[in-house]
Amino acid sequence: MDTVVKKKLKVATTSLAGCFGCHMSFLDIDERLFDLLELIAFDRTPLTDIKELGECDIGIIEGGLCNAENVHVLREFRRQCKLLIAIGACAINGGLPAQRNQLSLALILEEVYHTSVGLANGLIPNDPELPLPLAKVRPLHEVVRIDYFIPGCPPSADAIWKALNDILAGHAPALGHGLIHYD
Amino acid sequence: MSAIPDPVAAAVAATVARHRQDPHYILQMLREIQEACDWIAPEAIDRLQQALGLPRTKVEGVAGFYSFLYTKPRGRYRVLFSDNITDRMLGNMELLRRMCEQLWIERGKTSEDGLVSVDTTSCTGMCDQGPALLVNNYAITRVDAPRVDAICELIRAQVELAAWPREYFRVDDQVRRKDVLLGAALAPGEALAAGCARGAEALLAELKLSKLRGRGGAGFSTGLKWEACRNAAGSEHYVVCNADEGEPGTFKDRVLLSAHADLVFEGMSLCALALGARRGMLYLRGEYRYMLDQLNAVLERRRQAGLLGIGILGREGFDFDIEIHLGAGAYICGEESALIESLEGKRGTPRNRPPFPVTHGYLDQPTVVNNVETFAASCLVALRGGAWYAGIGTSASAGTKILSVSGDCARPGLYEYPYGVSVSEVLAACGAVDVQAVQVSGPSGVCLAAGEFGRRIAFEDIPTAGAFMVFDQRRDMFAVARNFVHFFAHESCGFCTPCRVGTSLLRNLMDKLNNGHGSPYDFAEIEKLNRILQAMSHCGLGHSACNPVLDTIAKFRPAYERRLQQKEFEPAFDLDWALEPARQMTGRDDAGAHIGSVEKS
Amino acid sequence: MSASFTIDGKAVPFAEGQTIIQAALAAGVYIPHLCHHPEFKPHGSCKLCTVRISGRQSASCTTLAQAGMAVESDTPALNDERRTLTQMLFVEGNHFCPSCEKSGNCKLQATAYDLGMMTAHFDHFFPSRPVDASHPDVLLDFNRCILCSLCVRASRDVDGKNAFALSGRGIKTHLIVNAKSGRLADTDVTLQDKAVRVCPVGVFLRKDRGFNVPIGRRVFDLKPVSAYVDATAALAKE
């Protein structure tokens with residue numbers, strides 16, 4: 001009985017319209033990463049540079065949705081992952097990128113590519129390789145079902161550690177005073 | 001000073017003088033300014049605030065609350081289509097589109113030339129002769145395509161409203177069944193004389209004996225209410241008649257006031273006799289603006305006849321008069337404490353209770369607020385006695401109830417029945433066949449399915465303020481509930497968090513289902529919001545805002561299940577449409593410039 | 001002996017005319033609240049302080065305490081509903097804590113922390129609410145307004161200025177200022193006004209000062225809101 005090797009949970013992560021700050025904070029769990037790696041194995045994530053997403057137990061997503069590519073990646077994560085975790089302010093409420101939601105996209109593109117100082121004959125990029133921006137930046141839960149949320153900008157390493165442990169133990173993460181933050 | 005007379009200055013000066021500079025009349029003043037100037041310009045607010053010595057915030061706060069007051073130009077002709085479900089069933093949306101197309105305007109926007117705007121409004125109380133609309137707050141009934149075309153012509157030709165065909169403004173009193181109240185042909189003063197002969201104490205005793213209960217829906221004992229108010233200490237006592245008949249599907253008060261105004265005013269006078277009140281106010285919903293002049297004429301006639309004013313019926317010390325206050329498009333003002341706030345010239349926000357109006361009502365003084373029908377019925381008690389009245393109806397529900405019947409039936413209109421009448425009896429009388437459901441007492445009431453038509457209209461079974469909307473088998477009960485949810489979201493006063501935000505969230509979810517994006521997840525969300533609205537809201541509006549949804553889910557679940565087209569959660573908005581602004585700006589339309597609603601791996 | 005009632009089984013004394021929340025806070029019993037302020041008359045709009053008395057729910061800030069009443073407050077069911085209310089407030093406005101000077105001193109944020117709000121849950125409204133930076137000393141950021149009316153009440157009842165009011169209705173309800181231009185600069189509001197200092201969130205910000213107390217050492221960084229006997233007083237010292 002003792003020799004049964006627990007199958008490691010497969011975990012994938014990505015950053016959409018985010019700044020990778022949450023990933024940095026994740027790395028800040030430092031040597032506890034070794035404990036974590038006893039329980040999980042990474043699939044696609046910027047940490048491993050694996051580009052293809054396989055079937056996973058847990059997907060951790062930083063950043064909100066500001067363009068079509070973000071939506072494609074998010075949907076792929078939803079399809080491939082049993083559990084989806086939104087991490088950080090941007091993933092949970094749109095965060096900094098969503099500050100553009102007060103303005104129309106047309107106005108923003110005009111300002112950035114046509115009318116701001118120092119631009120000459122600017123063109124709005126229209127290369128088919130580029131993902132088109134959404135009219136409004138959206139948090140993840142408005143587009144796919146999200147199972148758990150770890151708030152913070154970014155959440156501290158301790159908060160991430162606590163939340164992941166809760167989730168790995170099979171219950172909803174609960175961050176008490178000091179760990180729960182929206183800033 | 002400018003030599004050209006300033007119409008805004010003139011309108012403000014006139015209304016301020018008419019209301020003796022009393023800031024409690026600010027809603028009336030704003031309404032009259034709007035009537036004179038078509039909107040309430042910043043200059044009008046300047047002048048009003050100066051004339052009344054009020055902070056600007058006070059004036060703007062009130063002006064911003066009421067749907068019929070505009071602080072931005074909305075055109076010389078402001079068309080509002082009544083948007084109750086009964087209007088929808090009669091094709092109001094098609095007519096609205098037709099009008100917008102002919103006038104080249106977008107719904108909700110004012111035309112470029114500032115001539116006209118077209119939008120929707122909550123039920124205007126013309127359900128038995130709809131579809132209906134308001135032009136500058138005057139009701140037009142029986143709207144059809146030819147009438148829409150003719151109205152567009154009149155607007156384009158800038159014909160004054162007064163010169164429009166009178167026929168458009170015809171409002172019929174369609175009384176289909178009379179009983180003791182609608183059939184009572186009392187001479188003005190008859191009930192009041194009887195009341196005076198009995199005296200205040202005996203009148204209260206008869207009222208209690210009659211077991212008359214409030215007809216607004218809550219059903220509080222009228223005798224006890226009047227007695228509690230009479231016994232409450234105060235420098236003045238007030239009588240308020242609630243004619244803010246805003247519950248969609250209700251129009252009985254309209255007919256009572258049109259055909260039996262004396263009965264209503266006489267009931268208020270009886271109440272004044274019982275309380276020792278000197279002032280009465282009738283709060284008439286803004287949608288019934290067209291009745292204002294005729295009601296004022298009735299009041300004047302009663303003054304001439306010695307039935308109002310000083311020394312009524314020659315009795316020394318019986319001094320009482322009634323004034324009419326007009327609402328301005330706010331359903332919440334039908335809630336009695338919000339109504340009192342509105343009478344005081346404030347935003348119509350329901351008060352914290354207790355204290356109740358009987359001890360702390362208008363200007364914090366003891367006040368009776370009763371429904372139009374309650375006051376009218378009190379006349380019968382004064383005249384014929386409590387025992388006689390208590391003998392009508394059931395033991396817990398004395399007397400009769402007037403039902404406003406509309407929807408899918410051959411003979412919509414008013415039906416007065418003794419309490420205890422079954423739903424199926426009413427359905428048979430109004431010529432309803434193949435009935436799927438009946439919404440009793442409006443959106444905040446109850447939705448009955450076919451198996452429940454044996455139930456009775458009575459406080460002990462189905463209490464009602466009077467609305468009775470019939471839906472036959474063709475109707476989609478989800479669409480009915482969605483219409484009602486939109487109504488509540490529009491009419492929430494915004495005071496408390498659960499109702500202010502919750503009704504909008506609920507509306508968005510119903511729209512999501514309607515737009516084909518619904519999944520079982522959203523269904524669970526709707527149920528969650530229902531619980532919060534019921535448990536946490538400040539007043540009855542929030543508590544009952546989920547009723548139509550709860551009822552239709554329980555009784556017409558397939559109508560919802562048809563809407564839950566998605567197994568998995570989907571966004572409420574159209575993702576591909578969210579790329580449209582970017583497509584327009586970049587000129588792209590390649591495959592990568594679109595997002596499918598479902599994506600294959 | 002004064003009369004008493006119980007909250008979650010704990011005896012709470014009260015004086016005649018006190019509301020449940022007044023008696024509770026005086027006795028050091030925390031009930032979540034946002035629109036209630038000890039110096040102002042009962043208001044009752046946020047509904048966070050809703051409690052259960054004999055099976056009926058009502059706002060504890062507008063319900064008078066009565067001898068012997070058994071009040072339930074700190075229950076999972078009520079806290080679930082309160083959390084939903086905070087979520088409603090978060091999606092109704094634009095609450096972007098990372099850029100807000102009030103972060104850590106914000107009652108809405110602290111209350112949401114205390115209720116364990118991990119997400120705003122609902123779809124965001126993302127309303128358009130332009131900031132008013134016209135005043136020399138005070139920044140007015142309507143994005144964070146939760147319509148508690150505290151500034152309205154403070155300006156009217158304490159400052160005697162009526163500088164603020166709510167206008168609009170329903171979900172369109174919004175704060176207005178007492179100026180034809182709609183700009184705070186054109187009012188008589190000063191930094192000394194109670195109205196400027198009473199906001200439980202970050203609508204009113206002083207321009208002359210920012211981040212005096214660093215993030216991490218602010219009122220609700222030190223202790224959760226529920227651990228303060230009088231969070232309002234603690235915030236007033238900031």
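## A walk through chains A, B and C

Start with chain A: among its contacts between residues at least 6 apart in sequence, 77% join residues at least 24 apart, a contact being heavy atoms within 4.5 Å. This is a predicted model, in which local features need pLDDT of at least 70 and side-chain atom pairs count only at pLDDT 80 or more, while totals for chains, interfaces and linings use all residues. Residues are numbered from 1 along each chain as its sequence is written, chains are lettered from A and ligands numbered from 1 in the order in which they are written, and side-chain values use heavy atoms, with hydrogens and water left out.

Staying with chain A, you'll find 6 helices and 7 strands; these are DSSP runs numbered from the N terminus, helices being H or I with at least four residues and strands E with at least two. Read from the N terminus, the elements go β-α-α-β-β-β-α-β-α-α-β-β-α. The C-alpha trace of chain A spans about 70 × 35 × 30 Å along its principal axes. Of its 183 residues, 49% count as buried, meaning under 20% relative accessible area, with exposed being over 50% and partly exposed in between (1.4 Å probe, protein chains only).

Helix α6 of chain A has a nice local detail. There, Asp166(A) and Lys162(A) form a salt bridge at 2.7 Å, N to O; the term asks for a side-chain nitrogen of Lys or Arg within 4 Å of a carboxyl oxygen of Asp or Glu. The two sit about one helical turn apart, because they are 4 residues apart in helix α6 (residues 157-168). Asp166(A) is buried at 8% relative accessible area, whereas Lys162(A), at 30%, is partly exposed.

Now look at where chain A meets chain C. Here 24 residues of chain A are in contact with 29 of chain C. The size of an interface is often given as the accessible area lost when the parts come together. Buried area in that sense (1.4 Å probe, summed over both parts) is about 2100 Å² between chain A and chain C, with carbon and sulfur atoms giving 60%. On the chain A side, Gln102(A), His177(A) and Tyr182(A) lose the most area, together 34% of what that side buries. The rule finds 0 salt bridges across this interface, but it does find 12 residue pairs in polar contact, both residues at pLDDT 80 or more. A polar contact is a pair of N or O atoms within 3.5 Å; within protein, one must be able to donate a hydrogen and the other to accept it, and residues adjacent in sequence count only if both atoms are side-chain atoms. Elements giving two or more residues to chain A's side are α4 (89-93) and β6 (133-138), and α4(A) has the largest share, 3 residues.

Move across to chain C and chain B, where 39 residues of chain C are in contact with 41 of chain B. The buried area here is about 3200 Å², and carbon and sulfur atoms give 57% of it. Met88(C), Arg169(C) and Lys180(C) lose the most area on the chain C side, together 24% of what that side buries. Between these two chains the count is 4 salt bridges. Lys180(C) takes part in a salt bridge with Asp46(B), the closest N and O atoms being 2.5 Å apart. There are also 22 residue pairs in polar contact, both residues at pLDDT 80 or more. On chain C's side, α2 (76-92), β7 (164-167) and β8 (174-177) each supply at least two residues, and α2(C) has the largest share with 8.

What about the interior? Nonpolar side chains tend to be buried together in soluble globular proteins. A nonpolar core here is a set of buried Ala, Val, Leu, Ile, Met, Phe, Trp, Tyr and Cys residues joined through side-chain atoms within 4.5 Å. The largest has 256 residues, and those touching the most other members are Leu48(B), Tyr66(B), Trp226(B), Phe265(B), Leu282(B) and Phe164(C). Helix α12 (residues 261-275) of chain B gives the most to this core, 11 residues. Apart from it lies another core, of 25 residues, including Leu96(B) and Met99(B).

Helix α12 of chain B also carries Asp262(B), whose salt bridge with Arg301(B) is 2.8 Å, N to O. That pair links distant parts of the chain, as Arg301(B) lies in helix α13 (residues 292-304), 39 residues from Asp262(B). Asp262(B) is buried at 15% relative accessible area, while Arg301(B) is partly exposed at 40%.

Terms used:
Buried area = accessible area lost by both parts, 1.4 Å probe.
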